[in-house]
Amino acid sequence: MTRRPTLRSLVGLAALSLAGLTPLSRAAAQDGGIAVGAMAPAVSTLEQLDGKTFDLSAVVGKRPVVMEFWATWCPLCRKLEPALQRAREQYGDRVMFVGIGVPDNQSPERQRTYIEERKMSGTFVFDRERAAMKAYKVPHTSYVVVLDGSGKVVYTGVGGDQDIDAAVRRALPAK
């Protein structure tokens, strides 16, 4: 997918250039969001859709993790659902998939109903306090972050046309 530069990205590149810096650490990421190459921040204040606490930092660094920040009302998230479900079915034994529900016009109950109706698999949590959204600098719903087994960010992307399979493969150890 070819992305056109936005005014924001062009201004950012110009600022980096004037400062004598290069944008290499952000070359694989879109505007906003955590930088590719960064280590995953600790987040422990998420809740499972049944109300129990979920500590994301307890699973990071054990195996690759794919996170999608999503909402039931997000058309891009709906468009991305089939690719995520295929990846869950293909890589679910080697990769943890976590759907992180954003609290905007949402509730855990609403998300749980949506997931059950669509028979979606994976782990789904709710970010009531926006802790994960802040830690991962989430720019938009349908934002995907992929971590390798050490907890390093190897992919970020936003939108309904992301190549989830390719993103997951970046997190897997080379054969």
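Student: Why is Val125 called buried in this model?

Tutor: The model is a predicted one, and in it Val125 has a relative accessibility of 0%; since buried means under 20% relative accessible area, Val125 counts as buried.

Student: Which residues does Val125 touch, and where in the fold does Val125 lie?

Tutor: Val125 lies in strand S5, and leaving aside residues up to four places away in sequence, Val125 touches Leu46, Glu47, Gln48, Leu49, Phe54, Val98, Gly99, Ile100, Gly101 and Gln111. These count as contacts because heavy atoms lie within 4.5 Å.

Student: How do you know that strand S1 and strand S2 are paired?

Tutor: Two strands pair if DSSP finds at least two bridges between them, and S1 (residues 46-48) and S2 are joined by two bridges in the antiparallel sense, so the requirement is met. Phe54, in S2, is the bridge partner of Leu46.

Student: What makes S2 and S7 edge strands?

Tutor: The seven strands form an open sheet with mixed pairing, in the order S2-S1-S5-S4-S3-S6-S7. Strand S2 (53-54) and strand S7 (153-158) each have a single partner strand, so one side of each is left without a neighbour in the sheet.

Student: Which strands does helix H2 touch, and which does helix H5 touch?

Tutor: Helix H2 (residues 75-91) packs on the sheet and touches S3, S4, S5 and S6, its direction making about 160° with that of S3. Helix H5 (residues 164-171) also packs on the sheet, touching S3, S4, S6 and S7, and its direction makes about 25° with that of S6.

Student: What makes a set of residues a nonpolar core, and how many residues has the largest one?

Tutor: The members must be buried residues of the nonpolar kinds, joined through side-chain atoms within 4.5 Å, and the largest such set has 34 residues, with Leu56, Met67, Phe69, Ile100, Tyr136 and Val145 having the most contacts inside it. The largest share of this core, four residues, comes from S3. Apart from this core lies another, of 17 residues, including Leu80, Ala83, Ile164 and Leu172.

Student: Why is the empty space beside Met67 called a cavity rather than a pocket?

Tutor: A cavity is a set of points where a 1.4 Å probe fits but cannot get out, whereas a pocket is an open set. A search of the whole structure finds one cavity of 30 Å³ or more, and the largest cavity has a volume of about 30 Å³. The lining of the largest cavity consists of Val66, Met67, Glu68, Leu84, Arg88, Phe97, Val98 and Gly99, with S3, H2 and S4 each supplying at least two of the lining residues.

Technical notes:
Residues numbered from 1 in each chain as written. Predicted model: local features only at pLDDT ≥ 70, side-chain atom pairs only at ≥ 80, totals over all residues. Heavy atoms only, no water. Buried < 20%, exposed > 50% of the residue type's maximum accessible area, 1.4 Å probe, protein only. Axes fitted to C-alpha atoms, helices over the stretch in contact; angles between N-to-C directions. 1 Å grid on protein atoms, 1.4 Å probe; cavity = no way out; pocket = protein on both sides within 12 Å on 5 of 7 lines; lining within 4 Å. Points joined across faces, edges and corners; volume = space filled by probe spheres on them.
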